Amino acid sequence: MPTGNSNRGETMVRPPDPDSRGGVSRRRLLQVTGAAGLTSVAGCTGYLGSAQDGVEYWTLFGGGDGDVMEEMVDEINDGDEYDLRINRQRVPWDEHYGRLYTSMVGGNPPDVAVMHSRMMRDYEESLVPMTDAIGTDPYLDEVAQGGIVDGEQLAVPLDTHPFGLYYNKEIFEEAGLDPEEPPNTPERFQEAADAIVEETDYYAFEYPDGEFHAETMRMLLHGRGGELLTDDYEPGFDTDDGLAVVQEMHDWVHEHEWTHVDPGSGWDAWNRGEVGMMIEGTWHVTVVREAGFDFGLAEPFVMPDADDPVTLGDSHMLIIPESDERTDAQLENALETVRLLSQEFNDRWGYDAGHLPASEAAIESDELRESETWDDTLETFHTMVEEDQFIRPPATPNVEEYMEQIYQPLDDMRAGNATPEEVIEDATAGVRHAFERRS
C-alpha cells in the first residue's frame, strides 16, 4: 500500500478459485504458474508456513503502521503475562496475497495472516471459522460483518480504514480561506479548490490512482444513489450518475486544472506541502505528520448533487488458514494471537497507527479518546461510521480482475488518453468480461 501506506500501489496475483471445494486448489495454481512458478514464489519467502516454533503471523503493513504492528508483537513476545511466541513476517504488499495463496496450496500456510475483507469470498473454503471461539460481540457490528461469510465468522477485524479529505491548513491560510472550516461539502470543496489555484502557486487537490481510483469512483457514485457493482456482479455504473461521476473526476484534472495529470508528481508535491487537499485513508496520518505541515481532516463529501454522501473503507482482518499439520495447542495459540491483537492491543492500533479500531472497548478507551490521533482524524472517521455515512467494498469473487477493468480506463482518462464516455464503455465491457471468465 508507498511510504507509510499499507494500501497504496497494490498489485496482486489471481486469488484462489472460490468454487474449489475443501480448500484452495493446487491444480488450479499449477495451471496458472506451473511447477516452476510455485517453486519461485515459495523461494521468495524462505519457507512456506509454520517452519519455526511459535505462531507464524504474516502481515503486509509497512511504514508507520508496520512499525506499530512490530511494537505490538514485540510487547506480546516480551511480556511476562503472555505465554506466547509470535513470529511476525512482514510480506511486501504486492507479494502478500500471492505468497499466502501459494502457502495454502502447498499445505503449509501461516497460523495467522492479515486479509482485507473484500478478499473473503475468494478464500472462504480455506479458513478456520472463529464463530464460537471469538465471535463478533467484542467488535463494532458494521466492521465485524466484513468477516462474516454465509453466517460464519471466518475473520476477525483489526480495523476499518475509510477515506478522508486531508487538507493543508497553511495553504488554506495563504489562499485566504479559514483553516478551521473543513472543506466537507461540495460547495466548500469547490470554493477552496478555486481559491487555492487563483491565490497561490499550488495545485488544489490530489487523489489516488490504481485500485483506489476505482474505489474513489465507487464512493462518489454511492453518494448519488448508484453502485459500482450489482449483487449479480454486473457493472452498475453505465448510468447518468456514473457518467456524471466520471465527468467530475475528469474535470478535476483537465477542466479546472486543480490536480496534477501525473499522480506520482501529485503525491510528491503533497508530501512537500505543495498541494491543498488530498483524498487518502486513515493510515495517511503517519505520512502527513512526517511531512511536517499543519493539517486538518474533513469528510470526503466532494461530489456535487450527492444526496447521501459517504466515505468508503475496507478492513484489515485476521484469518487462520486451515492446516492439517496444526495441533490443537497451536490452534489455541493462533486464536490467542487474534484475540490479543484485535482486542487488548486494538486501541494502540488506533492512536499509534491511525486506523479506526474494530474493538468496542478500544473505541471507548480513554487512551484512544484522549489521544492526538483521535482529535486529528479518528473522531471524524468514527462519526461517519456511527452516522451510517460509511460503506465497504463488497467481498466478491475475482476482486482484482474486475477492479482493474475499472481503474485502468480511469487512469487512462487522467493521463488524457480517454474521454469519460470511453471510460464508461470500456469499464462496462471489461467488468462483464472479467466475470464471464469465472462463470
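Colleague: Which elements are included in the cover over the buried residues of α10?
Modeller: This is a predicted model, where local features need pLDDT of at least 70, side-chain atom pairs count only at pLDDT 80 or more, and totals for chains, interfaces and linings use all residues. Residues are numbered from 1 along each chain as its sequence is written, and side-chain values use heavy atoms, with hydrogens and water left out. Helices (H or I, at least four residues) and strands (E, at least two) are DSSP runs, numbered from the N terminus. The cover over the buried residues of α10 includes β7 (159–168), β8 (203–206), β9 (275–281), α11 (284–291) and α17 (399–414).

Colleague: Over what arc do the buried residues of α10 spread?
Modeller: Buried means under 20% relative accessible area, exposed over 50%, and partly exposed in between (1.4 Å probe, protein chains only). In α10 (residues 263–271), the buried residues are P263, G266, W267, A269 and W270. They sit on the same side of α10, because their arc around the axis (taken from the directions from the helix axis to the C-beta atoms) is only 165 degrees.

Colleague: Which residue takes a positive phi just after α10?
Modeller: The phi there is about 80 degrees. The residue just after α10 is G273.

Colleague: Where does Y233, with its positive phi, lie?
Modeller: Most residues other than glycine have a negative phi. Phi of Y233 is near 65 degrees, and Y233 is partly exposed at 29% relative accessible area. Its place is the loop between α8 (211–223) and α9 (240–254).

Colleague: Is D388 buried or exposed?
Modeller: D388 sits in the loop between α16 (372–386) and β14 (390–391). Its phi is positive, about 60 degrees, although D388 is not a glycine. At 70% relative accessibility, D388 is exposed.

Colleague: Which residues does V156 contact beyond its neighbours within four places in sequence?
Modeller: V156 belongs to strand β6 (residues 156–157) and is buried, at 0% relative accessible area. Twelve residues separate V156 from A144 in sequence, and 6.8 Å in space, C-alpha to C-alpha. Contact means heavy atoms within 4.5 Å. The partners of V156 are M130, I134, Y139, H316, M317, L318, V338 and S342.

Colleague: How far apart in space are H116 and A155?
Modeller: H116 is in strand β3 (residues 112–116) and is buried, at 0% relative accessibility. In sequence, H116 and A155 are 39 residues apart. In space, C-alpha to C-alpha, the value is 9.5 Å.

Colleague: Which residues lie nearest the centre of the largest pocket?
Modeller: On a 1 Å grid over the protein atoms alone, a cavity is a set of points where a 1.4 Å probe fits but cannot get out, and a pocket is an open set with protein on both sides within 12 Å along at least five of seven lines; lining residues have an atom within 4 Å of a point. The largest pocket holds about 350 Å³ (grid points joined across faces, edges and corners; volume is the space filled by probe spheres set on the points). Of its 14 lining residues, those nearest the centre are R218, L229, D231, R392 and P394.

Colleague: How many charged residues line the second largest cavity?
Modeller: The volume of that cavity is about 40 Å³, and its lining is M219, L220, G223, P300, F301, V302, M303, A306, P309 and V310. Ala, Val, Leu, Ile, Met, Phe, Trp, Tyr, Cys and Pro count as nonpolar, Asp, Glu, Lys and Arg as charged, and the others, Gly among them, as polar. The lining has nine nonpolar residues and one polar; charged residues: no.
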